[in-house]
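I am starting a notebook on a structure that is new to me, and I want to write down what I look up in the order in which I look it up.

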Amino acid sequence: MSTGKLRIDLDAIVANWRALDAKTAVETGAVVKADGYGLGSDYVARALYRAGARKFFVAAAEEGGKVRSAIGSDADVFVFSGHMAGDTDMIADLHLTPMLNSLDQMTRHFEALPGHPFGIQLDTGMNRLGMEWSEWSAVSSLALEQGPALVMSHLACADEPDHPMNAYQLDMFKRMTDGINVPRSLSATGGLLLGPDYHFDLTRPGIGLYGGRPFDAAHKVVQLDLPVVQVRELEEGEVVGYSNTWQAKRPSRIATVSAGYADGLLRSLSNKVRLFANGVPVQLVGRVSMDLLTIDVTDLDSVPEYLTLMGDMQGVDDLADIAGTIGYEFLTSLGARYSRHYVAN
Ligand SMILES: *Cc1c(COP(=O)(O)O)cnc(C)c1O
C-alpha cells in the first residue's frame with residue numbers, strides 16, 4: 001500500500017447529525033454537496049437516511065444521482081442551483097427538487113415539468129443565489145399557486161454570531177415569507193447554532209456533520225494515515241526537499257511519506273505542520289511536494305509504518321488554520337488517491 005488511508009467514521013457523522021437535530025425542535029436535513037464534503041455522498045447519505053434524515057441537499061443536479069441511488073425513493077433531494085438548462089431529464093428521472101432561483105428558472109421548470117416538485121430560493125442579502133425582493137414580489141403569487149415544497153434563503157455571516165447581518169437577513173426572510181403556507185428554511189450549521197429564531201421548519205447543516213467549525217462540540221470524523229516509504233539519515237548541514245528550504249541543524253533522520261499537494265495537502269503546510277507517530281508529534285520539514293512529504297523523525301525510537309496527519313490529535317480545522325484556509329476547503333480538497341475506509345457499527 002503506497003497511498004494514504006482515509007478513515008471516515010460514519011457513526012461520528014450520524015452522532016453529529018443527531019446532536020445538531022437535538023438543538024432544534026424542527027426537522028434536520030443534511031447537505032451532501034461536493035460528494036459529501038469530499039467524504040463520499042453515497043456513504044454519508046445512506047448512513048444519515050438510516051438515522052432518520054429525509055431531506056438531502058446537493059449543489060448541482062449532477063450530484064443527485066449518487067445520492068438518490070444511495071437512499072432510495074422516499075426522501076427528498078433538493079438542488080441549490082435550481083433548474084438549469086439541460087437539467088430537465090435528470091430532475092425528472094432522479095426525482096430531484098430544484099430550488100428555483102429566478103423567474104427564468106421558474107418559467108423553465110413550469111414549462112418543462114409541470115406538476116414536478118420544486119422549491120424557491122430567496123436572496124436576503126448575500127447576493128449569491130435566489131430571487132430578490134422585487135422579483136419575488138412580482139412572482140410570489142404565481143409560485144405559491146404551484147405549491148412549492150420549500151422556501152429557503154442562506155445566511156452570509158452565521159459563523160459570526162454577533163454579526164449584524166444575521167439579524168438583518170432574519171428580518172428580511174420573515175418579511176419575504178411570513179404568512180405563506182410553505183415550509184421554510186434559513187439555516188445551515190452556523191444559523192442552526194444561533195438559536196430557535198433561525199430554525200423555521202427545517203435546518204440544513206453541512207460542515208457540522210463532518211466535524212467542522214462552527215460546531216465546536218462535533219465528533220471528529222476523519223483520520224488520515226500516511227505510509228512511510230523510506231527513512232534516511234542526514235548529517236548536520238544537509239538539506240531537504242525542493243528549493244532546499246530546510247537544513248539539518250543536527251544529525252537527523254528523515255521519513256518520506258506518501259501524500260502531497262496532489263492529495264489536497266496544501267503546499268502552504270510546508271515546514272509548518274506536525275504529523276503524529278502513535279501520538280508523538282513529528283515535524284514536517286521542507287516543501288510539500290506533489291506526492292511526498294518529508295518528516296523529521298530524529299527523536300523517535302522507531303519509525304512506525306504510518307504517520308497520522310489528521311485525527312484526534314489534529315482535526316480538519318487545525319490543519320486548515322495552519323494552511324491558511326477553512327475546514328470546508330481542506331475537506332473538499334482531500335484527494336482521490338487515498339484509500340477510503342468507512343467505519344460504522
Ligand atoms: C453549503 C450550504 C449549506 C451547508 O452549509 P454549512 O455551513 O456547511 O452547514 C446550506 N445551505 C446552502 C445554501 C449551502 O450552500
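**Entry 1: the lining of the largest pocket**

I sorted the lining of the largest pocket by residue type and found 16 nonpolar, nine polar and six charged residues. I note here that the model is a predicted one, and I keep that in mind for each entry below. The pocket itself holds about 700 Å³ of space. Its lining is made up of 31 residues, and those closest to the pocket centre are His154, Leu155, Ala188, Ile207 and Tyr328.

I then asked which helices each supply at least two residues of this lining. They are α2 (33–37), α9 (189–192) and α11 (327–333). The largest share comes from α9, with three residues. Looking at the domains, I found that domain 1 (10–210) and domain 2 (222–343) each give at least three residues to the lining of the largest pocket.

**Entry 2: the largest cavity**

Next I turned to enclosed space, where the count comes to one cavity of 30 Å³ or more. The volume of the largest cavity is about 50 Å³. I listed its lining as Gln121, Leu122, Asp123, Met126, Arg128, Leu129, Ser153 and His154, and these divide into three nonpolar, three polar and two charged residues. His154 caught my attention, since this residue lines the largest cavity and is also among the residues closest to the centre of the largest pocket.

**Entry 3: the chain as a whole**

I stepped back to the overall picture and counted eleven helices and 19 strands in the secondary structure of the chain. The C-alpha atoms fill a box of roughly 75 × 40 × 35 Å along the principal axes. Of the 345 residues in the chain, 53% count as buried.

**Entry 4: strand β4 and its partners**

Is strand β4 (residues 55–58) covered or open on its two faces? I found both faces covered, with Lys55 and Phe57 buried on one side, and Phe56 and Val58 buried on the other.

I followed the pairing of β4 in two directions. With strand β3 (residues 30–31), β4 pairs in the parallel sense over two bridges, and within this pairing Val31 has Phe57 of β4 as its bridge partner. With strand β5 (residues 76–79), β4 also runs parallel, and four bridges join the two strands; here the bridge partner of Val58 is Val79 in β5. I also looked up the connection, and β4, helix α4 (residues 64–71) and β5 together make a right-handed β-α-β unit.

**Entry 5: strand β18 and its partner**

I went on to strand β18 (residues 306–310), which is largely enclosed by the rest of the structure, because five of its five residues are buried. This strand pairs with β11 in the antiparallel sense over four bridges, and Leu226 has Leu307 in β18 as its bridge partner.

**Entry 6: Leu209**

My last look-up was a single residue in a loop. Leu209 is found between β10 (202–203) and β11 (222–234). Is Leu209 buried or exposed? Its relative accessible area is 0%, and buried means under 20%, so I put Leu209 down as buried. I also compared its place in sequence with its place in space: Leu209 and Asp21 are 188 residues apart in sequence, while their C-alpha atoms are 10 Å apart.

Methods
Residues numbered from 1 in each chain as written. Predicted model: local features only at pLDDT ≥ 70, side-chain atom pairs only at ≥ 80, totals over all residues. Heavy atoms only, no water. 1 Å grid on protein atoms, 1.4 Å probe; cavity = no way out; pocket = protein on both sides within 12 Å on 5 of 7 lines; lining within 4 Å. Points joined across faces, edges and corners; volume = space filled by probe spheres on them. Nonpolar A, V, L, I, M, F, W, Y, C, P; charged D, E, K, R; others polar. Domains from an automatic or database assignment. Buried < 20%, exposed > 50% of the residue type's maximum accessible area, 1.4 Å probe, protein only. Pairing = 2+ DSSP bridges. Right-handed = clockwise from strand over helix to strand, strands pointing away.
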